[in-house]
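Reader: I have a model open and would like to go through it with you. Could we begin with the interior and then move outward?
Author: Certainly; please bring it up.

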Amino acid sequence: KTNSISSFFLFEKELSRINKDCGLYGGGTIFLRREIIKENNLDYLFNKKVHVGIDFNLFKKLKEKNYKIGFSEKSKVKTHLPSTFKHFIKQESRWLRAWSRLSKDSIQNIIKSLLIIISSILFFNFLIKKDIIFSLILGAIFLIFVAKIFAKGLKVYTITKNKLFIKYLPSYIFLNYIYCFLRILALFSRNKTIHFKGERPK
């Protein structure tokens, strides 16, 4: 069921499709030849303790070695999307912890997130004081961030013509803002290793 939380992932999916993004969609979409695992000594990624972020790590290693990665447009994979704010925080925090350990761009994005948060605090602080000029100047980074997310969401609606994306656009902007906090928190808990044991933890 689509709601203000699960719609976040629908926006992201449509943006990937529209922009023809070759990024990784998730572990459930991967098929890999066994000989590649042996040739590159990647067996450790598939032991009994499967680390969160294995799909991202595997994709990263194969891309670095210039392996050809194909994509099947007709493939269909079902996955459970978070439908509550609590579930969203837990799931994305797990992924961001793995991302902060494995991605070279993680620190750069964390700095951007910190600037957005500081800018938002200054924006609302001066707005409450009815100092419009200072709120606009000091909140410029935050306002540009909001404008960019709004433009992305509007782009999805313009192309798909699905009114659902207009309905959930405010929540999409809000959850992107929450993501800024999650990125920073992930930095401080990046060494907390989580393993998958059977079903995905909730």
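Reader: Which residues have the most contacts inside the largest nonpolar core?
Author: This is a predicted model. Its largest nonpolar core has 30 residues, and those with the most contacts inside it are Phe8, Phe11, Phe88, Phe145 and Tyr172.

Reader: Which helices supply at least two residues of this core?
Author: Five helices do so: H1 (7–18), H4 (85–102), H5 (106–128), H7 (140–160) and H9 (169–188). H9 gives the most, with eleven residues.

Reader: And Tyr172, what is it in contact with, leaving aside neighbours within four places in sequence?
Author: Tyr172 is in contact with Phe8, Phe11, Glu12, Leu15, Ile149 and Gly153.

Reader: How is the chain built overall?
Author: There are nine helices and two strands. From the N terminus on, the order is α-α-β-α-α-α-α-α-α-α-β.

Reader: What share of the residues counts as buried?
Author: Of the 202 residues, 35% count as buried. The chain exposes about 13,900 Å², and carbon and sulfur atoms supply 60% of that area.

Reader: What about contacts between residues 24 or more positions apart?
Author: Such pairs account for 73% of the contacts with a separation of 6 or more.

Reader: Changing topic: which residues form the nonpolar patch on the surface?
Author: Phe124, Leu127, Ile128, Ile132 and Leu136 form the patch, with about 490 Å² of accessible area together. H5 and helix H6 (132–138) each give two or more residues to the patch, and the largest share, three residues, comes from H5.

Reader: Take Leu127. Where does it lie, and why is it called partly exposed?
Author: Leu127 lies in helix H5. Its relative accessible area is 36%, and partly exposed covers values between 20% and 50%, so Leu127 falls in that class.

Reader: Is Ser135 buried or exposed?
Author: Ser135, which lies in helix H6, counts as buried at 1% relative accessibility. Not counting residues up to four places away in sequence, Ser135 touches Phe123, Phe126 and Leu127. Leu127 is thus a contact of Ser135 as well as a member of the nonpolar patch.

Reader: On to electrostatics. How many salt bridges does the structure hold?
Author: The structure holds one salt bridge. In it, the side chains of Arg17 and Glu14 meet at 2.7 Å, N to O.

Reader: How are Arg17 and Glu14 placed in helix H1?
Author: Arg17 and Glu14 are separated by about one helical turn, because they are three residues apart in helix H1.

Reader: And their exposure: what are the relative accessible areas of Arg17 and Glu14?
Author: Arg17 is partly exposed at 47%, whereas Glu14 is buried at 16%.

Reader: Finally, confidence. What pLDDT does the chain average?
Author: The chain averages a pLDDT of 80, and 76% of the residues score at least 70.

Reader: Which elements have the lowest and the highest mean pLDDT?
Author: Strand E2 (residues 195–196) has the lowest mean, 44, and H7 the highest, 95.

Reader: What about residues 195–202?
Author: Over that stretch the pLDDT is below 50, and the model gives it eleven contacts beyond near neighbours in sequence. Where pLDDT is low, the predicted coordinates should not be read in detail.

Definitions and conventions. Residues numbered from 1 in each chain as written. Heavy atoms only, no water. Core = buried A, V, L, I, M, F, W, Y, C linked by side-chain atoms within 4.5 Å. Buried < 20%, exposed > 50% of the residue type's maximum accessible area, 1.4 Å probe, protein only. Helix = DSSP H or I, 4+ residues; strand = E, 2+ residues; numbered from the N terminus. Contact = heavy atoms within 4.5 Å. pLDDT = per-residue confidence, 0-100. Patch = residues over 30% accessible without salt bridge, like charges linked within 9 Å, V, L, I, M, F, W, Y side chains within 5 Å. Areas by Shrake-Rupley, 256 points an atom, 1.4 Å probe, with all protein chains shown as cover. Salt bridge = Lys/Arg side-chain N within 4 Å of Asp/Glu carboxyl O.
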